[in-house]
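The following report describes selected helix packing and strand pairing, and it is best read beside the model itself.

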Amino acid sequence: MKISLNWIREWIKIDASAEEIAEKLSMSGLEVEALEKLGAGLDQVVTAEILSKEKHPNADRLSVCEVSNGQENIRLVCGAQNMKAGDKVALAVPGVTLPNGLTLKETEIRKVKSLGMLCSESELGLAEESSGIMILPEETPLGIPLNEALGLNDEILEINVTPNRGDCLSVLGIAREIAANFSLLLQKKLPSYDQQNSNLEGQKSSDSIRVQLESDEACRRYCGRIIRGVKISESPQWMQARLAASGIRSINNVVDASNYIMLEYGQPLHAFDLAKIGGAEIKIRSAKSGETLRTLEGKELQLKPENLVIADAAHPMALAGVMGGEDSGVSEATRDLFLESAYFEASGIRKTSRAFAMQTESSYRFERSTDPEICVAALRALSDLILKIAGGQADSKIIDLYPKPVQKSQITLRASRVQKILGFAFSAQQIQTLLEPLQIETQVRGEELLCEVPSFRSDLTREIDLIEEVARLYGYQNIPTTYPELDLKTLTNSKPKEKDLAIQSLRQTLLSWGFSELIHYSFTSPKLLQQFEQSYAAEQVLANPISEELSVMRPSLLPQMVQTLQKNIHKSSNQLKFFEMRRVYHFRQVEGEDRPFEESLHLCLGMTGDFHEPYFAEKNQAVSFLDLKSYLLEIAQKFGKKIRLIKNNSIPSFFMPTRYAEILMRNSQLGQVGELHPRVLKDLDLAQSLVVAEINLDLVLTETKNKIEFKKLSPYPSIFRDLNLIVDEKVTCEEVSRLIKQKGGSHLLGFYLFDLYRGEPIDQSKKALTFRLEYASNERTLTDDEVNEARENLLKILNDKLGASLR
Amino acid sequence: MKEKLLTSLESLQIELHDALKDVESPQGLQEARVLFLGKKGKLTQILKGLGKLDAKDRPQVGAKANEIKENLEEIFDAAELRLQAQVYEQAIAKDLFDISLPGRPIVQGHVHPLTQIYELATQTLEKIGFQTYSGPEIEDDYHNFEALNIPEDHPARDLQDTFYLPGLKWLLRTHTSTVQIHVMEQNEAPIRMIAPGVVYRADSDVTHTPMFHQIEGLWIDQKTTFADLKGVLTLFIQEIFDQKTQVRFRPSYFPFTEPSAELDISCVFCQGKKKNCAICKGTGWLEILGCGMVDPAVFKYVKYDEEKYTGFAFGIGLERLAMLKFGINDLRLFFENDYRFLEQF
Ligand SMILES: [Zn+2]
């Protein structure tokens, strides 16, 4: 909320500077987000009048002017053309610094001395651009600071009022806070009205309007007053300026006046055109189904029974507390007014304003609770102001329906509780002194205080609310800083979170392999998911996304991985290794479970480019399916899990079918790995292959058996043998390996594929696989004979089962 | 006879010195070794005369012969060292190695800056005595709002633009405070928990991303006070930044804490010394986290004895922390995954 400090100063007499006030407010919970000085830097520029204007003797486009600031005459050279003798202008003399940073000096232009400058609006920072110098209104007095002449000698506080402090959405509310913080008293009194002894000046009450309060829960108080014979016109300049400073557009004098009083008192007000109130009757009631209302903004609303309306005998005229209707509003033709000042219940107003997505200055205040006791005072202030600026005559009587007055909160506050919460002892008397400036009335009874809260502080209903006020007024900075007592025994409850540790450790491993971490949004685009054949339920599409691009809670990390690889190849590097370790989301309705969503931790890996960084002319190879497979196997092993990569019949079409595998762990699906199909690469405008994998990490990280079983080191040497096989192309490496492992003999310690060869002199349908076998025993040194025999046996089995022959 | 033998032995040393003067190669040295110490070498030749000596003279000459033999071997060893040194020197002289050539590149991955901050903050808080928990991101209204004392139609809901799933029963959590409720529902006091995680708000502009990260903290015990909250959070901030960082607590409002506070830290860029500092806008202070004493209403929802227990809670935005810590100027960079950004961390 933006509010004028000059306006606040009408309510309290305070010497403190705007900065001091802003600091104090911020430190007491009303954060001042900005302090705007209107007309900053204009105080040194003064108003002046041009006495004469002559052509410069040595320059065609320049003129020499004689100007007066009311005390002395000054001769200066001016380049502008838009002024004439008699004009009022803005004058800056040598030594003055303008808002644009320019400091004036005495100069000589083509042999004529210039002792000042006539300023343009852009030089004064009043406009982005301007042609010619600024010409002021004729009636401007001479020799006064320009900011004063323009009504700009004010400071505007922009305050972030938290939702609990509806009472601070006004000049009065802020003034009360400042008064409490600086131990001051309010200067201005609220206008009073005694219902019994109506003593207002004005016409004798004419019972020309009947008000019926039907919904006295939703509307606790309804006040009104009639003013006749007003003249609708433009508001005075000073009022427009204050409204503008608070961001409110000027409409006409009556509407502006109700906004002005609302800003000052915090009480939303509404003016009806009396002539438009059908049947001379006002009803505060629930809307009926089927009723409609055309608002001041021209919107047609379909009303429902939960909406409170202000209606005449036949139709709703206004959406109570939110917005008036077009038909009953004040127009240029309006002569007589009915002014409304009411107290509407907060949650009802909020429901209605949310239902119609309409937040107005009025609804904003009612939602945050207004002061039921200020209705009449604000109404009086408004009628006084309207009489002043729009003329007319007010009824002497104020209508005030207040069947069940709102009770002030009575709260018991214990000094011991204050200490228990704040950690600092206050005596009951100290507390009393602290609460007094907030107009909280207290009686001390031993360590307890009986507190009565003023009607405008609807946020104070509980003991804890008052404890906060004690802390706020005492100053958070004055409360000591201590450390909590810690019961060490309770610390033993905290088990190390094995999963967190596993994730951290995996991240370190991936980093050491050269993978960098990505973080994508959890929502993504349906198009992207479709492109990569990721299905999702309609239930995981956001009802109110920022955009379609960010609308689906992602079921997979893979599509964004591909997208990011592609973007980076185009932007920065064609050699990339990325990982993302985040949640994916699935809609799954499980019988007996309330939560139909599953959030599981996935790991996605993506690689592209050469395996190594280029190094001189060393031979390099592009990353492939096999590289990623290695990483995956290593990850599984790290957590004591066995995974298998198998060929699958249902291969997603964006993968290269020969370079794709489904990943299984104990026969359940863990994920997938593959190289992208060349067609997809072409669509992505890529000339290099992408390898990607995604696994469900939750499955890998459950029941991790990271127990390390130590095996004794054999003191006897190993014996190595190569096995150079020729097999049919259809025989996979895995098939051969499995047999070697099973049938290699009890002394086979390990083996690995040493070479793969295709080509002459081997038959085209065959390939050569060379394995290196390692034999050893824990008991003795093996003999050549027994090793050879084991190898021969193995070879025979390989030949029988797979048709393998020795090369 | 004895004297002659002794003289011959003595002179062998001088002869060897002379002989080695011109030797410049390992081969030359080997030849000299054979010549002097070989099976048919000079020493052996001299010792052949030993047999002709009187028995009483033999021990004396024998001892001398051993001494000379040791001396000769030392001379050879010294010569060998000298030659070897020459070989190294020559090799070094020929070596044109350029140490400024690049080595074989080692590629390390980069941890996302948000993860770095997440781990730094989490570890610091765990050191203080908090335990880490996590909770679901897709939540119901109860855990995200109601149990945190934000009833339907409460204006505080305006502070958070919420993403909803179809049917509006489920939503994306707008803060990690939801985990407070889960943890209190399942555990008795005392509680010392933190919950780092991702949160969502339907807001997207230069200073807001629709997804961001928070760490929630909660400390509940029988004697936990606002003064303790000041102590613990000051400790945390000074661990994360540095010991000289100033903090100030400013009253604020959150529905689930009372009293509530904003924690500001002294500007890490200008220490409040620059009037035109772009980061703190010349105020010298930066808003860093929200905190407060757990509102008794929250205790009611989770059925804790609100008279017996008190506690404090806080929530920190990790993006903000990372921006201050690393001097990152644009929030959106965190989620663009541009390698030129990532490789700086
Ligand atoms: Zn700064």
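## Strand S13 of chain A and its partners

Within strand S22 of chain A, A:Ala394 is the bridge partner of A:Ile227. This contact belongs to an antiparallel pairing of S13(A) with S22(A), residues 393-394, which extends over 2 bridges. The model is a predicted one, and the pairings described here should be read accordingly.

S13(A), which spans residues 219-228, has further partners. It runs antiparallel to strand S21 (residues 337-344) of chain A, to which 8 bridges join it, and within that pairing A:Ile226 has A:Phe338 as its bridge partner. With strand S23 (residues 399-401) of chain A, S13(A) forms an antiparallel pair over 3 bridges, where A:Gly224 is matched with A:Ile399. Because 8 of its 10 residues are buried, S13(A) is largely enclosed by the rest of the structure.

## Strand S9 of chain B

In chain B, strand S9 (residues 310-317) is likewise described by its burial: 6 of its 8 residues are buried, so the strand is largely enclosed by the rest of the structure. Strand S5 (residues 211-221) of chain B pairs with S9(B) in the antiparallel sense over 8 bridges, and here B:Ile316 of S9(B) is the bridge partner of B:Ile215. Strand S8 (residues 285-294) of chain B also runs antiparallel to S9(B), joined to it by 5 bridges; in this pairing B:Gly292 has B:Ala313 as its bridge partner.

## Helix H2 of chain A and its surroundings

Helix H2 (residues 18-27) and helix H4 (residues 171-182), both of chain A, have axes that come within 10 Å and cross at roughly 90 degrees; the two helices are therefore roughly perpendicular to each other. On the H2(A) side the contact involves A:Glu20, A:Ile21, A:Lys24 and A:Leu25, which meet A:Ile174, A:Glu177, A:Ile178, A:Asn181 and A:Phe182 in H4(A). By class, 5 nonpolar, 1 polar and 3 charged residues make up this contact.

The buried residues of H2(A) are A:Ala18, A:Ile21, A:Ala22, A:Leu25, A:Ser26 and A:Met27. In chain A they pack against helix H1 (5-11), strand S2 (31-37), strand S11 (155-160) and H4, and they also pack against strand S6 (247-254) of chain B. Just after H2(A), A:Gly29 adopts a positive phi of about 105 degrees.

## A four-stranded open sheet in chain A

Farther along chain A, an open sheet of 4 strands is arranged in the order S37-S38-S36-S39, with antiparallel pairing. Strands S37 (748-757) and S39 (805-806) stand at its edges with a single partner strand each, so one side of each is left without a neighbour in the sheet. Strand S36 (residues 719-728) and strand S38 (residues 766-775) of chain A pair in the antiparallel sense over 10 bridges, and A:Leu725 stands opposite A:Leu769 in S38(A).

Helix H20 (residues 733-743) of chain A lies across S36, S37 and S38 of that chain, running at about 30 degrees to S38(A). Helix H21 (residues 784-802) of chain A also packs on the sheet, where it touches S36, S38 and S39 of chain A, and its direction makes about 15 degrees with that of S36(A).

## Cysteines

Over all chains, the structure holds 0 disulfides. As for the setting of individual cysteines, A:Cys733 is partly exposed, with a relative accessible area of 31%, whereas B:Cys277 counts as buried at 7% relative accessibility.

Conventions
Residues numbered from 1 in each chain as written. Chains lettered and ligands numbered in written order. Predicted model: local features only at pLDDT ≥ 70, side-chain atom pairs only at ≥ 80, totals over all residues. Heavy atoms only, no water. Axes fitted to C-alpha atoms, helices over the stretch in contact; angles between N-to-C directions. Parallel < 35°, antiparallel > 145°, perpendicular 65-115°, else oblique. Contact = heavy atoms within 4.5 Å. Nonpolar A, V, L, I, M, F, W, Y, C, P; charged D, E, K, R; others polar. Buried < 20%, exposed > 50% of the residue type's maximum accessible area, 1.4 Å probe, protein only. Disulfide = S-S within 2.5 Å. Pairing = 2+ DSSP bridges.
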